[in-house]
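Dear colleague,

I am handing over the structure that we spoke of, and below it you will find an account of what was found. Please read the notes with the structure open beside you.

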Amino acid sequence: KVAIKGIERELICPACKELFTHPLILPCQHNVCHKCVKEILFAFEDSFADGGSESSNQSSPRIRISASSMDRIDRINRSGIKRNSLTPRSTLFPCPGCQRDIDLGERGINGLFRNFTLETIVERYRQAARAAIAIMCDFCKPPPQESTKSCMDCSASYCNECFKIHHPWGTLKAQHEYVGPTTNFRPKILMCPEHEMERVNMYCEICRRPVCHLCKLGGGHANHRVTTMSTAYKTLKEKLSKDIEYLISKESQVKAHIKQLDLLLKETECNSERAKQEASQSFEKLYRVLEEKKSAALRAIETSKNIRLEKLQTQVEEYQGLLENNGLVGYAQEVLKETDPSCFVQTAKQLHVRIQKATESLKSFRPAAETTFEDFVVDTAKQEDILSDLSFHSSGLEIPEINEEQSRMYNRALICWECPGKTDSADIYVLEYYKLNREDESVTWQKTEVRGKSKVLSDLDDDSSYAFRVRGYKGSICSPWSREIILRTPPAPVFSFLFDDKCGYNNEHLQLNPRRTSVESRAGFPLLLGSERLQVGCYTTLDYIIGDTGIAKGKHFWAFHVEAYSYLVKVGVVPGIKIQKLFHSTPDVTSPRYEQDSGHDSGSEDAFFDSSQPCTLVTLGMKKFFIPATPAALKDPASRILPLPSCLGICLDCDRGRVGFYDAGCMKCLYECEVDCSGIMYPAFALMGGAAVHLEETVTASYREYHDDI
């Protein structure tokens, strides 16, 4: 029998650091108090309403919203996104246990299961902690008597007399279930949070949560593998029992490990004291060196001061001698009183020379010594940098290397690194970064500690270059810094959307994935059968698809990948007022009448890109990026064809009326042109033949992984 008082650590809420109260199970399988989840959501909504200001993030002193969530609020407020009012707005917040983003979906907190098992264990712990405190009857007249039983159907506690009164024999209440005195009343039947009138009777093996039959028939678990609740109960209980029995059978081994750990604790204490002494000796050496340098510098300054004071004092005495009846002038005045010519001449000759020198020095006055000590300023900038970097360097720790291919700069910055030996020799890593600024010569590194080998940063400015470096730490020992890499952020806030499967979507030629983040055009039998019915010389048309969200104002950026095998893809933007024209009057671009080099109905090749086109698009295909034909570009046709980047980006500036096409890997602009943004603009794509386009996933969505705790 496990002592209830030995499991306190498992009964503490990670948010409020107190015993659980009505714990809820989050999608990441961590438990949080019901009130704590509400406080987190209220704090998020207040910050959302106030634009994510710091003052609005104080609705609860216990709850803090992460920087990534605050950055999401800022992006939503800055964007000019127009969404359908019926589209649900999901509630995203960081789990207090693992700090991963949790999306509660449309139902919010109502979609979470209450952990009744944990709640019961907490109640048993509370009762063990307050064994001397009795639970009183809820129906006795004052003074209340001590309760002897609790009714699970009435959710109340009774003494013997009140229980008989309220549960008389021969009535339905007499059949109520009663237990010993308790304050934890749990429902007899666990109901489905999605379908409140249905009880859960199955277990989803994919989502690892109980579901009802409606969830399986047409809900979010329709295609998931499920089993009966009794089977899941039996299976999980057997697994848990076997694991517990195994741990209990290894009690002697656990005790041996504890004994070994106690020895290691003592050894660690001794070794730490020895390391402290060695570190103190090292710093004492530095102190002695600094004291010697300090004494030498002070002596040099003192010597220079004395010499200068002596020179200046001599100069003062010389000039005091030029005063009347004082010094040299007074002596000369006395010589002038001599009446004997021979004696006067003998003395006055040398005196005249001294008077002339005094006169010249008076005309060109210069102090005998400088008063400033600029030559004695000690420059310690380099030494300060070295001392700030002072740590326990070890050749045993490998120098990490930042992986530029895995690192991404999108809605957030994802920086990934690895060690050459593929070993986890470091316990923690320190990532430093700073913004490159031509005007600011000083460099101030921002520092963050990471326990893994990747870090998501959300406080970077748009359209800016940043330098990154990383080093590993094992205790107080650190590796040298990695090589610095420079990455550039997108030119504007990232705009999120999905492919629209309603407006003009041709499901015969195009195929969307279930998440609507990828679209593929397949050149199969439907395309051949369609072409067989067409006239000779007119082969096929482009299949268009647009984004499900429009842009009304501001500057926005989105990125996507085009598969290397794609034959023809067009990407760009389309005004909302021209969407119908785009889908109903699509020109046959492969007909000879529209060939650029055919000479039919063209007049000039650049007329192919006239203003009559309903949307602004550029052409991609066969691993190439084609810059639209302009009079300047036609002079050098070869310059129009560029290698197709692995990731392309589009930046739409509605305020300036311009759209730019970027290499999203290095954020380099490949082509920019004017566009009419008088209405709502939508991302537009066109595919022909075998082709595929994949929208770039946001950093949070790509790296929000849950640990399996079962």
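Rings of Phe, Tyr and Trp, the last taken by its six-membered ring, are counted as a pair if their centres lie within 6.5 Å, and a pair is called stacked when the planes are under 30 degrees apart, edge-to-face when they are over 60, and tilted for the rest. By this rule the count comes to 15 aromatic pairs. One of them joins Tyr-466 and Phe-468, whose ring centres are 6.5 Å apart and whose planes stand at 40° to each other, which makes the pair tilted. Tyr-466 is buried, with a relative accessible area of 3%, and Phe-468 is likewise buried, at 0% relative accessibility. Please keep in mind throughout that this is a predicted model.

Ring pairs also link Phe-139, Tyr-158 and Phe-163 into a cluster. Phe-163 has a charged partner as well, for the charged end of Lys-149 sits over the ring of Phe-163, 5.1 Å from its centre. A further contact of this kind involves Arg-469, which lies over the face of Trp-481 at 4.1 Å from the ring centre.

Arg-469 leads on to the charged pairs, since Arg-469 is linked with Glu-432 and Lys-447 in a network of salt bridges. In general, side chains of opposite charge can pair when their charged atoms come close. How many salt bridges does the structure hold? The structure holds 19 salt bridges, and three further examples are set out here one by one.

In the salt bridge between Glu-334 and Lys-337, the closest N and O atoms are 3.2 Å apart. Glu-334 counts as partly exposed, at 49% relative accessibility, whereas Lys-337 is exposed, with a relative accessible area of 57%.

Lys-474 forms a salt bridge with Asp-427, and here the closest N and O atoms are 3.6 Å apart. This pair links distant parts of the chain, 47 residues apart, with Lys-474 in strand β20 (residues 465-474) and Asp-427 in the loop between β16 (413-418) and β17 (428-435). Lys-474 is partly exposed, with a relative accessible area of 41%, and Asp-427 is also partly exposed, at 42% relative accessibility.

The side chains of Arg-658 and Glu-672 meet in a salt bridge as well, at 3.6 Å from N to O. This pair, too, links distant parts of the chain, 14 residues apart, with Arg-658 in strand β33 (residues 658-663) and Glu-672 in strand β34 (residues 668-674). Glu-672 is partly exposed, with a relative accessible area of 36%.

Turning to the surface, there is a nonpolar patch of about 570 Å², made by Phe-283, Leu-286, Tyr-287, Leu-290, Leu-387 and Leu-390. Which helix gives the most to the nonpolar patch? It is helix α7 (residues 251-320), with four residues. Phe-283 is placed in helix α7, and Phe-283 is partly exposed, with a relative accessible area of 37%. Residues that make up such patches need over 30% relative accessible area, so the 37% of Phe-283 meets that part of the rule.

Finally, an unreviewed UniProt entry carries the annotation "coiled-coil region" for residues 258-285. In the model, the span of residues 258-285 is 100% helix and 0% strand, and its end C-alpha atoms lie 40 Å apart.

With best wishes

Terms used
Residues numbered from 1 in each chain as written. Predicted model: local features only at pLDDT ≥ 70, side-chain atom pairs only at ≥ 80, totals over all residues. Heavy atoms only, no water. Patch = residues over 30% accessible without salt bridge, like charges linked within 9 Å, V, L, I, M, F, W, Y side chains within 5 Å. Areas by Shrake-Rupley, 256 points an atom, 1.4 Å probe, with all protein chains shown as cover. Salt bridge = Lys/Arg side-chain N within 4 Å of Asp/Glu carboxyl O. Helix = DSSP H or I, 4+ residues; strand = E, 2+ residues; numbered from the N terminus. Buried < 20%, exposed > 50% of the residue type's maximum accessible area, 1.4 Å probe, protein only. UniProt positions renumbered as here; feature names shortened; annotations may be inferred. Lys NZ or Arg CZ within 6 Å of the ring centre and 35° of its normal.
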